[in-house]
Amino acid sequence: MRWLPLLLIAGVLSGCHIETDAPKSGVKPVIEGAPQPVDPKPTVAETKPPRHPDRIYQLEDLKVATIKAGSYEIDAWVMNEDGKRAEGMMFLKPEEVKDTQGMIFVFDGERSKDQGFWMQNTYTPLDIIYIGTDKRVVSIGRGVPMVDKNVPATGPYQYVLELKQGVAKKFGIQPGTQIEIPPEITAEG
């Protein structure tokens, strides 16, 4: 301990820079030739979706269900009550939603083909996949960002799966495709 002041003086005299505080950015200085630490796997807190000041229902607070379409699995936020269904994908930017993520809208019974979806306050182009009571795809609509025009189904439906536009084709989802929706995913209002 008594050598510390002498080491500090020697460091200053030799032109070395000694940091007494960690950088504010949280980045540690790199020492050439020394082994560098490996970043640990991100924690749950680091992988949480961002909070949106405009959203009522934050993604991290929503239930997530695994929906299957053929060999593909989709982690879908469950939208099973009026408020959640009304908000849907509003305010989410394309980079905030992965191809393997989406929303599953669940209704209590069959809905008319004329009761379609629209894209108010929705920034991400979407595949709007209408699914019948038999859990087969009825039709797929294309949602254009920020357009309030109704995107109707071609027949009655009970579920709607929203994915980033182009993912339905990528995953081979088309009219008639069987979609596996867990039986515990039901409408609450």
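The protein exposes about 12000 Å² of surface, and carbon and sulfur atoms supply 55% of that area. These values come from a predicted model. Of the 189 residues in the protein, 35% count as buried. Contacts that reach across the sequence are well represented: among those between residues at least 6 apart, 69% join residues at least 24 apart.

As for secondary structure, the protein holds four helices and seven strands. A reader who follows the chain from its start meets them in the pattern α-α-β-β-α-β-β-β-β-α-β.

A good place to begin the tour is the pairing of the strands. Strand β1, covering residues 64-69, lies antiparallel to strand β2, covering residues 72-79, and six bridges link the two. One of the facing positions is A69, which stands opposite Y72 in β2. Two residues separate the strands of this hairpin, and G70 adopts a positive phi near 65° there. Strand β2 also pairs with β3; here the strands run parallel, joined by five bridges. Within this second pairing, D75 has Q101 of β3 as its bridge partner.

Strand β3 turns up again in the lining of the second largest pocket. This pocket contains about 240 Å³ of space. Its lining is made of 17 residues, and those closest to the pocket centre are R85, A86, F105, F117 and W118. Both α3 (82-87) and β3 (101-111) contribute at least two residues each to the lining. In chemical character, the lining residues comprise nine nonpolar, four polar and four charged ones.

Further along the chain, M119 offers a close-up of a single residue. M119 sits in the loop between β3 and β4, the latter spanning residues 126-131. Is M119 buried or exposed? Its relative accessibility is 1%, so M119 counts as buried, the cut-off for that class being under 20%. What surrounds M119, apart from its neighbours within four places in sequence? The residues in contact with M119 include T124, P125, L126 and I128. A further run of contacts is made with G143, V144, P145, M146, V147 and D148. One of these partners, V144, illustrates how the fold brings separate parts of the chain together: M119 and V144 are 25 residues apart in sequence, with their C-alpha atoms 6.6 Å apart in space.

Key
Residues numbered from 1 in each chain as written. Predicted model: local features only at pLDDT ≥ 70, side-chain atom pairs only at ≥ 80, totals over all residues. Heavy atoms only, no water. 1 Å grid on protein atoms, 1.4 Å probe; cavity = no way out; pocket = protein on both sides within 12 Å on 5 of 7 lines; lining within 4 Å. Points joined across faces, edges and corners; volume = space filled by probe spheres on them. Nonpolar A, V, L, I, M, F, W, Y, C, P; charged D, E, K, R; others polar. Pairing = 2+ DSSP bridges. Buried < 20%, exposed > 50% of the residue type's maximum accessible area, 1.4 Å probe, protein only. Contact = heavy atoms within 4.5 Å. Areas by Shrake-Rupley, 256 points an atom, 1.4 Å probe, with all protein chains shown as cover.
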